[in-house]
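Trainee: I'm new to this structure and would like a close look at one part of it. Could you walk me through it slowly?

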Amino acid sequence: MIAARLAYASQVRYRFALRRLCRAERAVVLSYDDGPGRVLTPQLLDLLADRGARGTFFALGRRAAAMPELVDRIVAEGHEVGCHTYAHEHAWRVGAGAAARDVDEGYAALAPWIASDAPFRPPFGKLAPGSLRAIRARRAPVCLWTHDSGDTYPAMPEPDAVVQAVIRDGGGVVLMHDFDRDPPEPFRAERILALTAALIDAAQHHGLALRTAGELLAGTTPHHVAAPV
Ligand SMILES: [Zn+2]
């Protein structure tokens with residue numbers, strides 16, 4: 001219980017620091033987890049290309065290995081690929097060894113496309129001693145998020161609610177997902193595409209800069225404040 005409270009407190013501190021960084025830089029990061037997805041990822045890439053915008057794709061090693069041509073396309077079109085582990089283990093629920101292995105196997109599977117210290121986003125936003133050790137050993141920055149699109153919630157919020165929150169906060173790292181739901185849920189994919197377009201429009205209107213996670217975090221050591229017990 002105490003460990004969980006300390007971990008929660010450290011994540012609150014981390015999010016506060018990330019929010020402050022986004023506001024200071026007037027930066028918006030479009031981030032997509034759990035992909036690639038055979039249907040949604042190409043649609044997103046078409047949209048981003050059309051708008052001249054770049055995003056950060058926190059890919060799962062196992063999906064990247066199954067769909068290498070999609071990761072090739074993400075990289076070829078100038079986007080950033082980050083690591084989201086290999087199998088999406090919850091670091092609080094598996095042992096330290098298993099959590100560290102999932103991190104390292106994720107980077108190994110993504111090695112054709114990313115550096116060994118590319119940005120990392122932990123599954124469920126949870127770090128634990130095993131995964132944190134693996135991340136620190138490779139000196140990779142951890143990128144959580146400031147605004148959750150809610151695209152995995154039963155009732156996904158309207159895109160406008162997320163956009164207004166980002167504008168109000170002077171920027172942010174927006175969490176979205178680009179894996180394909182099984183069974184398909186076209187309305188979620190449509191909302192993710194609509195939210196992406198609306199965030200790009202809002203950034204242009206309000207003088208916010210679209211950045212990748214790596215660009216935002218360059219020169220920072222956010223994993224030091226993200227350290228849970
Ligand atoms: Zn995830």
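Trainee: Let's pick D34: where is D34 found?

Mentor: Before anything else, keep in mind that this is a predicted model. D34 is found in the loop between β1 and α2. β1 covers 27-33, and helix α2 takes in residues 40-51.

Let's start with what D34 does there. The zinc ion has D34 among its protein donors, through OD, together with H84 and H88, each through NE2, and these donors lie 2.1 Å from the zinc ion. Along the chain, the donors of the zinc ion follow the spacing D-x49-H-x3-H. As for how covered these residues are, D34 has a relative accessible area of 10%, so it counts as buried. H84 and H88 are both buried too.

The backbone here is worth a look as well. Most residues other than glycine have a negative phi, and most peptide bonds are trans. D34 has a positive phi, near 75°, and it is not a glycine. Just along the chain, the peptide bond that joins G35 and P36 is cis, with omega of about 0°. P36 has its place in that loop between β1 and α2 as well.

You can find these two features elsewhere in the model. The peptide bond from D182 to P183 is cis, with omega near 0°, and P183 sits in the loop between β5 (172-177) and α8. For the positive phi, look at R139, which has a value of about 55° although it is not a glycine. R139 belongs to the loop between α6 and β4 (147-148). With 65% relative accessibility, R139 counts as exposed, whereas D34 is buried.

Now follow the chain out of the D34 loop and into α2. α2 packs with helix α4 (residues 68-76) at an angle of about 15°, and their axes are 11 Å apart. That angle makes α2 roughly parallel to α4. The crossing of these two helices, α2 and α4, is left-handed. On the α2 side the contact uses T41, P42, L45 and D46, which meet L70, R73 and I74 in α4.

α2 also packs with helix α8 (residues 186-205), at an angle of about 20° and with the axes 11 Å apart. So α2 is roughly parallel to α8. This time α2 passes α8 in a right-handed crossing. The α2 residues in this contact are L40, Q43, L44, L47, L48 and R51, and they meet A189, I192, L193, T196, A197, I200 and D201 of α8. If you wonder about the rhythm of those numbers, an α-helix has 3.6 residues a turn, so residues three or four places apart point the same way.

Next, go past the two zinc-binding histidines to helix α5 (residues 96-110). The axes of α5 and α6 come within 6 Å and cross at roughly 40°. That makes α5 oblique to α6. The crossing of α5 and α6 is right-handed. In α5, the residues that take part are A96, A99, A100, V103, D104 and Y107, and they meet G130, S131, R133, A134, I135 and R138 in α6.

S131 is a good residue to zoom in on here. S131 sits in helix α6 (residues 129-138), and with 3% relative accessibility it counts as buried. A polar atom of the S131 side chain lies 3.1 Å from the backbone nitrogen of A128. Leaving aside neighbours within four places in sequence, S131 is in contact with A91, A99, A100 and V103. The buried residues of α6 also include G130, L132, A134, I135 and R138. Just after α6 you come to R139, with the positive phi of about 55° we met above.

So, back to your question: D34 is in the loop between β1 and α2, and it is one of the protein donors of the zinc ion.

Note on methods:
Residues numbered from 1 in each chain as written. Predicted model: local features only at pLDDT ≥ 70, side-chain atom pairs only at ≥ 80, totals over all residues. Heavy atoms only, no water. Helix = DSSP H or I, 4+ residues; strand = E, 2+ residues; numbered from the N terminus. Buried < 20%, exposed > 50% of the residue type's maximum accessible area, 1.4 Å probe, protein only. Polar contact = N/O pair within 3.5 Å; in protein donor to acceptor, adjacent residues only side chain to side chain. Contact = heavy atoms within 4.5 Å. Donors = N, O, S within 2.8 Å, 3.2 Å for Na, K, Ca; no water. Axes fitted to C-alpha atoms, helices over the stretch in contact; angles between N-to-C directions. Parallel < 35°, antiparallel > 145°, perpendicular 65-115°, else oblique. Left-handed = near helix turned anticlockwise from the far one by under 90°.
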